[in-house]
Amino acid sequence: MSENLQQSEQHSLSMMYGTYADILFVLFPFLVISMQRLWDGQLYETLLRPDLSIAAAILAGLAIGKFVLGLVSNRDLGRFKERIVFFIALTLFVVLGPAIILMLSIAGHREVPGFVAFVQPILLIIAISLYTTAVSISNILTRSGGANASSSRPAGVRHDETGEPAPATAQHEPLAIPRRTGGDSL
């Protein structure tokens, strides 16, 4: 029991490091651009350029991908499907849409309103939060291998005739992709 808990904690810690490594790799080019602007004495102008909106849009896109991965990896989500779809819609509505609008507006105008300097960092923080949430949800769903809250047996664990757990072998159901038949045409 203690070993399972320790393995679970180790897995969670590894996932956290991996998630923040992803975020750092996405933000690295923008850090370099910011350092160059700091060198030139134009750090405040970084907040008035579309750089942070681009980073927020990238992270929002990655978050949507992780949410979708969580949806397709577990067919038995039941009522949780709506929650994941809600997070996808939230990511689109709160981060991706405004980030794209800000990018286009900033690129198309010479005078950028001052509120942009506050909105872009907030968008980036929300995008980071949603991405970490998406990674957590996706990892829980892919690791559980089809567990649902109403099941009394852990998912992914096969049981023999006596009800005892069978030897552990990873059995994942592949994603069902429809095949073309001979009569199908493009």
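This note goes through the fold, one helix and a few residues of a predicted model.

1. **Overall make-up.** The chain has five helices and zero strands. Read from the N terminus, its elements run α-α-α-α-α. The chain is 186 residues long, and 25% of them count as buried.

2. **Surface and contacts.** About 12,900 Å² of the chain is exposed. Carbon and sulfur atoms supply 64% of that area. Take the contacts in the chain with a separation of 6 or more: residues 24 or more positions apart account for 71% of them.

3. **Length of helix 4.** Helix 4 covers residues 80–108, which makes 29 residues. At 1.5 Å a residue, these should span 42 Å. The end C-alpha atoms are 41 Å apart, so the model agrees with the expected span.

4. **Bend and buried residues of helix 4.** Where does helix 4 bend? The bend is at L92, by about 35 degrees. On the N-terminal side of the list of buried residues in this helix are I84, I88 and T91. The list continues with V95, L96, A99, L102, M103 and I106. An α-helix has 3.6 residues a turn, so residues three or four places apart point the same way.

5. **A107.** A107 also lies in helix 4. Is this residue buried or exposed? A107 counts as exposed because its relative accessibility is 65%, and the cut-off for exposed is over 50%. R49 is 58 residues away from A107 along the chain, yet their C-alpha atoms are separated by 7.8 Å.

6. **The salt bridge.** How many salt bridges does the structure hold? There is one. D51 forms a salt bridge with R37, and the closest N and O atoms are 2.4 Å apart. The pair links distant parts of the chain, with D51 in helix 3 and R37 in helix 1 (residues 2–39), 14 residues apart. Side chains of opposite charge can pair when their charged atoms come close.

7. **Burial of the charged pair.** The cut-off for buried is under 20% relative accessible area. D51 counts as buried because its relative accessibility is 11%. R37 is buried too, with a relative accessible area of 13%.

8. **Surroundings of D51.** D51 is found in helix 3, which covers residues 51–73. Leaving aside residues up to four places away in sequence, D51 touches F30, I33, R37, T46 and Q120. The 2.4 Å approach of the D51 and R37 side chains is also a polar contact.

9. **Q120.** Which helix holds Q120? Its place is in helix 5 (residues 116–144). Q120 is buried, with a relative accessible area of 0%. A polar atom of the Q120 side chain lies 2.6 Å from the backbone oxygen of L47.

10. **Neighbours of Q120.** Residues up to four places away in sequence are again not counted. Q120 touches T46, L47, L48, R49 and P50. Q120 also touches D51, L52 and S53. The remaining contacts of Q120 are L102 and I106. L102 and I106 are among the buried residues of helix 4. D51, in turn, has Q120 and T46 among the residues it touches.

11. **Points to check in the viewer.** Start with the bend at L92 in helix 4. Then look at the D51–R37 salt bridge. Finish with the side chain of Q120 and the backbone oxygen of L47, 2.6 Å from one of its polar atoms.

Terms used
Residues are numbered from 1 along each chain as its sequence is written. This is a predicted model: local features need pLDDT of at least 70, side-chain atom pairs count only at pLDDT 80 or more; totals for chains, interfaces and linings use all residues. Side-chain values use heavy atoms; hydrogens and water are left out. Helices (H or I, at least four residues) and strands (E, at least two) are DSSP runs, numbered from the N terminus. The expected span of a helix is 1.5 Å times one less than its number of residues. The bend at a residue is the angle between axes fitted to the seven residues ending there and the seven starting there. Buried means under 20% relative accessible area, exposed over 50%, partly exposed in between (1.4 Å probe, protein chains only). Contact means heavy atoms within 4.5 Å. Accessible areas come from the Shrake-Rupley method with a 1.4 Å probe; for residues, only the protein chains shown count as cover. A polar contact is a pair of N or O atoms within 3.5 Å; within protein, one must be able to donate a hydrogen and the other to accept it, and residues adjacent in sequence count only if both atoms are side-chain atoms. A salt bridge is a side-chain nitrogen of Lys or Arg within 4 Å of a carboxyl oxygen of Asp or Glu.
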